[in-house]
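Trainee: Got a minute? I'd like to go through this one with you and ask how each label is earned.
Mentor: Sure, pull it up and fire away.

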Amino acid sequence: MAKGILGDASLHFDELNKLRILDPEVAQQTIELKEECKAFVDKIAEFQKIVGSLIGLVDQLAKAAENEKMKAIGARNLLKSIAKQREAQQQQLQALITEKKMQLERYRVEYETLCKIEADQNEFIDQFIFQK
């Protein structure tokens, strides 16, 4: 009966017969919940630590990938500029070849003209010698 009256007043005795406000079962469940919460918080902290290190690693990889991307872009631009330089050089050489061909043609015509003049002069000399 004393337990009933105390129970109505929300007073309870624990296993050591100490007077408590909470029911011993509720107190035990509260302690278990507190321990589970602490374990959960510890696991969350560990998870955050792992995620933080993962994010750091991913950031490093992203920076490395960005550096490699910039190197690749630089190499591609260099190749483009080299190709343009070669094209310009090829055009210059083509113009030089054309110029040399024109010069060769001029020299050929000049040579033919000089050969004709030489033949005319030789003929003139021959005629002069035979006339004497």
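Trainee: Which residues are linked in a network of salt bridges?
Mentor: Glu105, Arg108 and Glu112. Keep in mind that this is a predicted model.

Trainee: What makes Arg108 and Glu105 a salt bridge?
Mentor: Their closest N and O atoms are 2.3 Å apart. The cut-off is a Lys or Arg side-chain nitrogen within 4 Å of a carboxyl oxygen of Asp or Glu, so the pair qualifies.

Trainee: And what about Glu112 and Arg108, how do you know that their side chains meet in a salt bridge?
Mentor: By the same kind of check: the N to O distance is 2.5 Å, and the limit is 4 Å, so that pair counts too. Arg108 therefore takes part in both contacts, one with Glu105 and one with Glu112.

Trainee: How are these residues spaced in helix α2?
Mentor: Arg108 and Glu105 are three residues apart, so about one helical turn separates them. Glu112 and Arg108 are four residues apart in helix α2, again about one turn.

Trainee: Are Arg108, Glu105 and Glu112 buried or exposed?
Mentor: In between. Arg108 has 37% relative accessibility, Glu105 has 37% as well, and Glu112 has 44%. Buried needs under 20% and exposed needs over 50%, so "partly exposed" is the label for Glu112, and likewise for Arg108 and Glu105.

Trainee: How many salt bridges does a search of the whole structure find?
Mentor: Four. One of them joins the side chains of Lys71 and Glu68, at 3.6 Å from N to O. That is still within 4 Å, so it passes.

Trainee: Why is Lys71 called exposed, while Glu68 is called partly exposed?
Mentor: Set the values against the cut-off. Lys71 comes out at 57%, and over 50% is exposed. Glu68 sits at 47%, so it stays in the partly exposed class. The two are three residues apart in helix α2, about one helical turn.

Trainee: How many aromatic pairs does the structure hold?
Mentor: One. The rings of Phe124 and Phe128 have their centres 6.4 Å apart and their planes at 20°. The centres have to lie within 6.5 Å, so they pair, and planes under 30 degrees apart make the pair stacked.

Trainee: Where do Phe124 and Phe128 sit?
Mentor: Both are in helix α2, which covers residues 24-131; being four residues apart, they are separated by about one helical turn. Phe124 is exposed at 56%, whereas Phe128 is partly exposed at 45%.

Trainee: What makes a nonpolar patch on the surface here?
Mentor: Leu54, Leu57, Val58 and Leu61 form it, with about 380 Å² of accessible area together. A patch residue needs over 30% relative accessible area, and Val58 has 46%, so Val58 meets that condition. Val58 belongs to helix α2.

Trainee: How many disulfides does a search of the whole structure find?
Mentor: Zero. The label requires a pair of cysteine sulfur atoms within 2.5 Å, so the search found no such pair. As for cysteines, Cys37 is partly exposed at 41%, and Cys115 is partly exposed at 28%.

Trainee: What does UniProt list for residues 79-110?
Mentor: The unreviewed entry gives "coiled-coil region" there. In the model, that stretch is 100% helix and 0% strand, with its end C-alpha atoms 46 Å apart. Take the name as the record's annotation, which may be inferred rather than shown by experiment.

Trainee: What is the pattern of the chain, read along the sequence?
Mentor: α-β-β-α, which comes to two helices and two strands.

Trainee: Last one: how much of the chain counts as buried?
Mentor: Of its 132 residues, 1%. The chain exposes about 12600 Å², and carbon and sulfur atoms supply 62% of that.

Conventions: Residues are numbered from 1 along each chain as its sequence is written. This is a predicted model: local features need pLDDT of at least 70, side-chain atom pairs count only at pLDDT 80 or more; totals for chains, interfaces and linings use all residues. Side-chain values use heavy atoms; hydrogens and water are left out. Rings of Phe, Tyr and Trp (its six-membered ring) pair if their centres lie within 6.5 Å; planes under 30 degrees apart count as stacked, over 60 as edge-to-face and the rest as tilted. Buried means under 20% relative accessible area, exposed over 50%, partly exposed in between (1.4 Å probe, protein chains only). Accessible areas come from the Shrake-Rupley method with a 1.4 Å probe; for residues, only the protein chains shown count as cover. Patches are made of residues with over 30% relative accessible area and no salt bridge: like charges are joined within 9 Å, nonpolar side chains (Val, Leu, Ile, Met, Phe, Trp, Tyr) within 5 Å.
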